[in-house]
Amino acid sequence: MSEADFEQLVDRQYAALFRFALSLSRSEADAADLTQQTFFLWASKGDQLRDRSKAKSWLFTTLYREFLGRHRHEVRFPKVELDEVREEEMSIWPNINALDSAMVLQTLNEVEEPFRATLTLFYLKQFSYHEIAEILDIPIGTVMSRLSRGKAMLRQRLLSREEALGNKIVSFQSEKKGESHG
Amino acid sequence: MDNREAKFILNAYRPDGRDATDPRFSEALDQARRDPILEHWLEDSVMFDAAITEKLCAIAVPAQFRENILAGVKVSRPPRWSKPLANWAIAAVLTLMAITGSVIWHNTRPARLAGWQNKAISVISSLVRNESRFDAQSQKPAELVSWLRAHDAPAAEKLPGNIEKLESLGCKTFSWNGIPVSVICFMRPDGGLIHLVFTKAADGVRDNAPRFVQQGDWATATWRSGEMVCMLALEGREDQLRSSVL
């Protein structure tokens, strides 16, 4: 790969990779280091990738594996079980506009792995459930399950944060037309 | 399909149209069109997702980060990446040596590699330059060894301890004078590559201790392991190889 092609690849992917790394590591310094290391690995062996259209997938997969390699001892099964996400709370939506990006990221960071990685890949609008399954090396059904449970956990935590801030909670039944969720 | 199942599926739906033709979502979307409650939920869900995406994509990237990535990779790149012409020259020399080399592996002249070893280095060079492809790819060495065994290709009974811990890239098989040879490529901790080559041991080959040969830019160590002869090779110095072998 020429230097110009490499620069193009960096331009296209570095911000999304950094944000993915940030949601995994919860530290800006670690996220920057993971992103840098991922591009270094690409420079070292990315040329061996046969299908160049999969470069984006390769980068996210490599970054995730790098993260797992460094934090394997920290990755645990989630403490929150599905039963804790009560059905009635599933119909309440937080008002995201009341929160800034840092707060949303902080709340996302409170969602346990492995849900957090799945959510971040989905929300960065980069990947389909097929691609997420490939990157995380898990079955499609597990991706869907993690998205479903992860979104419920995220919503619960956002609602708690809103409550703590004294913001209005917008219910499924009463909101809609004329009231924005962001 | 009930609403709970439809919600489960639609949580993975990307509302920008990219998933519109995915049949996995069709039934759930049809259900949402028929059921106003589910439709209402989907609208809320899509808005919620869009808002989260917007917030996450607004997270600032550190200043000068792009420049740091480019500069960091530039100084870390192995020299072979920045000198393609030199690579071609080395590859040409190695290929010539592979073609003209006729010394069998147990030849005792210490500074020369056998024909199959030169062919192996030629094959490895081709893989590194992306001119040929792996037969199988996996980051787990044991999976590649299993693949080789399943395809009746030479494979060591046990990988060297220091090598077994490394992340593998892939394996390839080739034939030299009708003798099957296998190669597995690994990623070293320092970012470079190291390659393990196997072939069936010729009669009379008894050296169990590694025999080190530096040939051009390649350092190699060769030894017998059971019925196999193994060669470890890397582009670099013999001392780098010794630290991987010993």
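Here is a short chat about helix α2 of chain B and the side of chain B that touches chain A, in a predicted model.

User: What makes the span of α2(B) close to the expected one?

Analyst: The helix covers residues 23-34, and its 12 residues reach 17 Å from first C-alpha to last. The expected figure is 1.5 Å times one less than the number of residues, which comes to 16 Å here, so 17 Å is close.

User: Which residues of α2(B) are called buried, and why?

Analyst: Ala28(B), Gln31(B) and Ala32(B). The label needs 20 or more other C-beta atoms within 10 Å of a residue's own, so these three meet that cut-off.

User: How do you know which side of α2(B) they sit on?

Analyst: They cover an arc of only 100° around the axis, which puts them on the same side of α2(B). On the other side, Pro23(B), Asp30(B), Arg33(B) and Arg34(B) are exposed. It fits the general rule: with 3.6 residues a turn, residues three or four places apart in an α-helix point the same way.

User: What do the buried residues of α2(B) pack against?

Analyst: Against α1 (3-10) and α3 (36-57) of chain B.

User: How many residues of chain B touch chain A, and what makes them count as in contact?

Analyst: 35 residues of chain B are in contact with 38 of chain A. The test is C-beta atoms within 7 Å. On chain B's side, α3(B) gives the most, with 9 residues. By type, that side divides into 19 nonpolar, 7 polar and 9 charged residues.

Notes
Residues numbered from 1 in each chain as written. Chains lettered and ligands numbered in written order. Predicted model: local features only at pLDDT ≥ 70, side-chain atom pairs only at ≥ 80, totals over all residues. Helix = DSSP H or I, 4+ residues; strand = E, 2+ residues; numbered from the N terminus. Buried ≥ 20, exposed ≤ 12 C-beta atoms within 10 Å, placed from the backbone. Arc of directions from axis to C-beta. Contact = placed C-beta atoms within 7 Å. Nonpolar A, V, L, I, M, F, W, Y, C, P; charged D, E, K, R; others polar.
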